[in-house]
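Good morning, and thank you for coming. Please look at the structure on the screen while I describe it.

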Amino acid sequence: MVCGSPLGRRRRRRRRSPASASAFSIKAMAPRLQLEKAAWRWAETVRPEEVSQEHIETAYRIWLEPCIRGVCRRNCRGNPNCLVGIGEHIWLGEIDENSFHNIDDPNCERRKKNSFVGLTNLGATCYVNTFLQVWFLNLELRQALYLCPSTRSDYTRGDGVHGEKDYEPQTICEHLQYLFALLQNSNRRYIDPSGFVKALGLDTGQQQDAQEFSKLFMSLLEDTLSKQKNPDVRNIVQQQFCGEYAYVTVCNQCGRESKLLSKFYELELNIQGHKQLTDCISEFLKEEKLEGDNRYFCENCQSKQNATRKIRLLSLPCTLNLQLMRFVFDRQTGHKKKLNAYIGFSESLDMEPYVEHKGGSFVYELSAVLIHRGVSAYSGHYIAHVKDPQSGEWYKFNDEDIEKMEGKKLQLGIEEDLAEPSKSQTRKPKCGKGTHCSRNAYMLVYRLQTQEKNHTVVQVPAFLQELVDRDNSKFEEWCVEMAEMRRQSVDKGKAKHEEVKELYQRLPAGTEAYEFVSLEWLQKWLDESTPTKPIDNHACLCSHDKLHPDKISIMKRISEYAADIFYSRYGGGPRLTVKALCKDCVVERCRVLRLKSQLNEDYKTVNNLLKTTMKGNDGFWVGKSSLRSWRQLALEQLDEQDGEAEQSNGKINGSPFNKDESKEEKKEEEEELNFNEDILCPHGGLSISENERRLFSQEAWSKLRQYFPKAPEFPSYKECCSQCKILEREGEENEALHKMIANEQKASLPNLFQDKNRPCLSNWPEDTDTLYIVSHFFLDEWRKFVRKPARSTPVSSIGNSALLCPHGGLMFTFPSLTKEDSKLIALIWPSEWQMIQKLFVVDKVIKITRIEVGGVNPSEVQYISDPDLCPDCREGLLCQQQRDLREYTQATIYVHKVVDNKKVMKDSAPELNVSSSETEEDKEEAKPDGEKDPDFNQSNGGTKRQKTSQQGYVAYQKQVIRRSTRHRKVRGEKALLVSANQTLKELKIQIMHAFSVAPFDQNLSIDGKILNDDRATLGALGVIPESVILLKADEPIADYAAMDDVMQVCMPEEGFKGTGLLGH
């Protein structure tokens, strides 16, 4: 809402002129554009030289009515007197102290009474956190770890812990000790396990298989503790988690039993096709028949016999870990998938029916349920529901957050309410008392039930307790520091509150002395989240160092009293008082507005004058191009100030003005011709081209001069540029000379020009023993000149030195000249060479001579080059070429999708390998019988030459290859921009976006070589610019909704390779 001036308040106005009165004859609450028009409406009737102070104040909108709070809901950008909606609402009235700071209460980070401590998720380490909490609540394991002696004896001394340096655990046991001690007695709500995770070498950004982590860590812990002398420590993993079963095979013929004993730390249960945990256990122990091709070789019968095989449980551990195999391999996709089927399980599990030896108690009670939230095997979130062995209460451990369940009951809750990927949602089965159903549980932990309650009290060793106390002291210091910062913020907020309440009431200027301050600064002054900076009004100044009238929409008029306080407290400048109102800018804007309004009339007048016949030859020359677009040029010139005003408002509208872009735009504008510059010659005179200009009458020219006062003026009597006339005559003479030279050279070398009857190295002509060499670049430039001598300059030298190294040696071998380097040279007949020596400057002679070797068999020939090959420079050139091919950035390659398993071969699709723009002579010559010719003797003269840089030749080579080698895309092919250092995995992701083919469905090859190492770079795989990669897509999987993280799936699983869990 924008407020104008209510009519009833006009009598209160002290200063009012007819011009200003007309400016305010608008509706109340007029929009900004109407205020803009009203501020300059007087310019329609006032000439620039008649502008007065009242007109200037009207243009700057000095006397617009200020807006009233409650009536105006948002700030009026067109009204400098509107001080509503600039952020003052948060300061007026009573304010809660908590709003003066953005610092959370440090006590929120404090551990609650009778609660557990959480663990920070370092990115994707929730699977680690869940197991740490489960192991921590295994009191026997925790007690044994505390008994494990520390190797950091140098850190401790008789009177306690060193205070100078932080404690850094060295072994896995020490890390686990320290972590468990913090989980037990820390004052923090959650602790950071980064030391433990780093010690294991885990990637914090990579989600890993939780079940595999559990197995590997238990194996690592068992191996580490096996070196301890204390048997309670050494055997804790076996005592708590290790059971034993036997693979029993029974021969049906003789009844002989064969047993293979094996230890286990968890039972891996297949859940596919089952609804209850007991069914899964029964299937695990189910008897298997060995028949047919799968028969068993019985040592007693000494032959293959039908047999049965099953697993017998011999002993069970105190803690029974049951792994529910939710993540299985999908043969169709070649990757893991998650089974989201419901499995029922009870809080009490009797294992006696499954154990071979029935003596003893085998009743277990549920102690932990590990949950995986999510439908994909490659993403999601891990949490744990764990039972406190001392209180019997259930807790949900979700990284930093720990929630106590009500009524000592397990409540899986939201973990089972996740949406399924398929439309047909499976209903959750009904569960009886003491039973639960879950489609996200992947591990169940059962503890052997005992008659007596667990009253074990695990004491933290004194050494570890000192470390915990020290960490708690740091935490308390941090809490005090945060509380002090909150107090200081509150004090500053209260002071700012009093300042705003005092000054905001004195901001309106009314009829007293005033100044201008930017709206942006006022908003930042009222913004509690940022410190107030000094006032900076430089962006609002015009070229006269005063307030630009077009910037008034981003300025506010405030009282001199408030301005004095602002500048005294915050500094800055320049101060914009009443003297900052710029009369020159207002007068110029008045002139522009008047010209805009009369532009249409002047356009018609000029068109009518063009139709009338001129009397006499008196007039002015005007460019025809300028004449066609003069109205548009005039509009652009008149709108230039409005464009600058828009740029000044850009920062407030949310798109900051870019100075670099402004410079570029101005540079482009300068390059465009201004009015009448199209008949300006390079020397600043009148152009000699009479067809591009037209004679204009004095009257018409005077109309145009109003809009283009700086345009070049050329009266009808003005002579054309004398320098241009001289150059024109010289150009005509040179053109005739060039045509004569071109005709003479074409007649002297007709076959070379027309590319006829050319010699070939791979098929040496019989009638000559010597062929000469020139660069193809010279030949191209010469042909270009002969075809269009008027547009080109004659070629004076053949420039053969560019084909030689700095030592004067040749850079090419004979085999390379017949193949890849053949495009860089042209072969010359001896007769043509004689003519070339007459027509051009020959800087270096390069020739190849064929000589017969031996008298017995004259068919053996040897090819000798003059000058000889430089081996060192040749080797350097090859290395540079290979380096260039493997160090490119933002180069183009092509991916061609193979449809219906049809291979794209050179013969069937030559367009994939040969550029369509190549002419016949550009294509490679046929390969000679032997790739290497041992008879091509090129010696370096027996002198050892120093290796030098080949930069000169490489630069020449890039210059020489002027022919178009662009690859022509064919149907089913797309161009991609790649770099040599990006991996194949990243390329597959680009291909996925281009072809909608998932990375794991892509089969890529180049030149018959399969590309399958996703970690290798494109440079290492031999992918060079302009390469064509063939893409064969496998059939897509049926349900992509289950793959919510395609970027993870596209990489081959490395698991815990390279981590401390595998002994690295």
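**Surface, core and helix packing**

The protein exposes about 57500 Å², and carbon and sulfur atoms supply 47% of that area (Shrake-Rupley method, 1.4 Å probe). This is a predicted model, in which local features need pLDDT of at least 70 and side-chain atom pairs count only at pLDDT 80 or more, while totals for chains, interfaces and linings use all residues. Residues are numbered from 1 along each chain as its sequence is written, and side-chain values use heavy atoms, with hydrogens and water left out.

Of the 1064 residues in the protein, 45% are buried, meaning under 20% relative accessible area. There are 29 helices and 37 strands; these are DSSP runs (helices H or I, at least four residues; strands E, at least two), numbered from the N terminus.

I turn now to helix H6, residues 172-185. At what angle do H4 and H6 pack? The angle between H4 (residues 126-136) and H6 is about 75 degrees, and their axes, lines fitted to C-alpha atoms over the stretch in contact, lie 11 Å apart. The two helices are therefore roughly perpendicular, a term for angles of 65 to 115 degrees. Among the residues in contact (heavy atoms within 4.5 Å) are Trp 135 and Phe 136 of H4 and Phe 180 of H6.

H6 also packs with H8 (residues 210-225), at about 110 degrees and with axes 10 Å apart, which makes this pair roughly perpendicular. Here Ile 172, Cys 173 and Leu 176 of H6 meet residues of H8 including Phe 217 and Leu 221.

Definitions and conventions: Axes are lines fitted to C-alpha atoms, for helices over the stretch in contact, and angles run from 0 to 180 degrees between N-to-C directions. Angles under 35 degrees count as roughly parallel, over 145 as roughly antiparallel, 65 to 115 as roughly perpendicular and the rest as oblique. Buried means under 20% relative accessible area, exposed over 50%, partly exposed in between (1.4 Å probe, protein chains only).
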